[in-house]
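Here is a set of exercises to work through with the model open beside you. Try each task before you read its solution.

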Amino acid sequence: MEEKVFYYTFKKFGTWTVLNIVLCAMLACVLFRFPCMIFCPPTQILLVLFVVSLTGWFWRTFAKHRLAVVTDDYIKIDSCAPLYWKDVETAEEREVFCCLKKRKIIVLVPKDGTDYRYNFLQKHNGAFTPFSIPLYGIVSNADVQALSEIVEQKVGLKKL
């Protein structure tokens with residue numbers, strides 16, 4: 001199998017979009033009615049907040065964010081080091097509590113004695129274990145199905 005790359009997919013219209021629209025409307029109202037308010041610190045703070053928020057929204061929405069890279073030998077989740085399939089004992093589908101909702105994830109359980117250098121997020125990420133693959137709204141349904149099939153073929157997958 002050649003290298004397969006999976007990406008996160010984010011909705012273009014959501015809470016962050018509404019926030020940006022509200023910030024833009026507030027700025028437009030203030031500056032249309034009182035153009036000299038551009039020199040007031042509260043208006044400048046609002047303008048900076050809008051620009052930073054809009055830049056972040058564009059980056060999240062239009063940049064490609066890599067979820068996983070899968071090959072015959074390994075899986076690389078996000079920006080972590082590759083986890084070799086031979087070092088994975090089993091994989092489980094779990095439900096975790098995240099953002100006030102129950103979310104489905106695939107957890108790859110490494111074999112005992114596997115020497116792996118964990119990054120900060122892998123060490124301190126609550127219910128998400130070091131090798132977790134999300135299966136909820138930030139991943140397309142086709143990618144969820146493809147990732148589940150690959151993991152099931154490589155190491156077996158215990159479903160809920």
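The exercises below go through the sheets, the cores, the aromatic rings and the cysteines of this predicted model.

**Exercise 1. The antiparallel sheet**

Find the order of the four strands in the open sheet with antiparallel pairing, and say which strands stand at its edges.

Solution.
- Start with the order: the sheet runs β1-β2-β3-β4, and the pairing is antiparallel.
- Next, look for strands with a single partner. These are β1 (4–7) and β4 (83–84), so each has one side left without a neighbour in the sheet.
- Now walk through the pairs. β1 and β2 are held in register by four bridges, and F6 stands opposite A68 in β2.
- β2 and β3 share three bridges; here V69 has K76 as its bridge partner in β3.
- β3 and β4 share two bridges, with Y74 opposite Y84 in β4.

**Exercise 2. Two hairpins and a positive phi**

How many residues join β2 to β3 in their hairpin, and which residue takes a positive phi in the hairpin of β3 and β4?

Solution.
- The hairpin from β2 to β3 passes through three residues.
- The hairpin of β3 and β4 has five residues between the strands, and D78 is the residue with the positive phi, near 55 degrees.
- To judge that value, recall that most residues other than glycine have a negative phi. D78 is a residue other than glycine with a positive value.
- Finally, check its surroundings: D78 is found in the loop between β3 and β4. With a relative accessible area of 28%, D78 is partly exposed.

**Exercise 3. The mixed sheet**

Work out the strand order of the open sheet whose pairing is mixed, and find its edge strands.

Solution.
- The order is β7-β6-β5-β8, and the pairing is mixed.
- β7 (132–134) and β8 (157–158) each have a single partner strand, so these two stand at the edges with one side unpaired in the sheet.
- For one pair in detail, take β6 and β7: they run antiparallel and are joined by three bridges. Within this pair, I105 stands opposite P134 in β7.

**Exercise 4. The nonpolar cores**

Which residues touch the most other members of the largest nonpolar core, and which element gives the largest share?

Solution.
- The background is simple: in soluble globular proteins, nonpolar side chains tend to be buried together.
- The largest core has 26 residues, and I75, W85, I106, L108, I133 and V151 touch the most other members.
- Then sort by element. Two or more residues each come from β2 (66–70), β3 (74–77), β5 (88–98), β6 (101–110) and α4 (141–155). The largest share, six residues, comes from α4.
- There is also a second, separate core of six residues, among them I105, V107, F128 and Y136.
- To see one member of the largest core up close, select I75. Leaving aside neighbours within four places in sequence, I75 is in contact with A68, V69, V70, P82, L83, W85, L108 and I133.

**Exercise 5. Aromatic rings**

Stacked or edge-to-face: classify the pair Y8 and F10 and the pair W57 and F62.

Solution.
- A search of the whole structure finds five aromatic pairs; these are two of them.
- For Y8 and F10, the centres are 6.1 Å apart and the planes make 25 degrees, a stacked pair. The cut-off for stacking is under 30 degrees.
- Y8 counts as buried, at 17% relative accessibility, whereas F10 is partly exposed at 27%.
- For W57 and F62, the centres lie 5.7 Å apart with the planes at 85 degrees, so this pair is edge-to-face.
- W57 is buried, at 11%, and F62 is partly exposed, at 47%.
- To finish, add F58: W57, F58 and F62 form one aromatic cluster.

**Exercise 6. Cysteines**

How many disulfides does the structure hold, and where is the nearest cysteine sulfur to that of C80?

Solution.
- The count of disulfides is zero.
- For C80, the nearest cysteine sulfur belongs to C98 and is 16 Å away. A disulfide calls for sulfur atoms within 2.5 Å, so C80 is in none.
- Are these cysteines buried or exposed? C80 counts as buried at 11% relative accessibility, and C98 counts as buried at 18%.

Definitions and conventions: Residues are numbered from 1 along each chain as its sequence is written. This is a predicted model: local features need pLDDT of at least 70, side-chain atom pairs count only at pLDDT 80 or more; totals for chains, interfaces and linings use all residues. Side-chain values use heavy atoms; hydrogens and water are left out. A nonpolar core is a set of buried Ala, Val, Leu, Ile, Met, Phe, Trp, Tyr and Cys residues joined through side-chain atoms within 4.5 Å. Buried means under 20% relative accessible area, exposed over 50%, partly exposed in between (1.4 Å probe, protein chains only). Contact means heavy atoms within 4.5 Å. Two strands pair if DSSP finds at least two bridges between them. Rings of Phe, Tyr and Trp (its six-membered ring) pair if their centres lie within 6.5 Å; planes under 30 degrees apart count as stacked, over 60 as edge-to-face and the rest as tilted.
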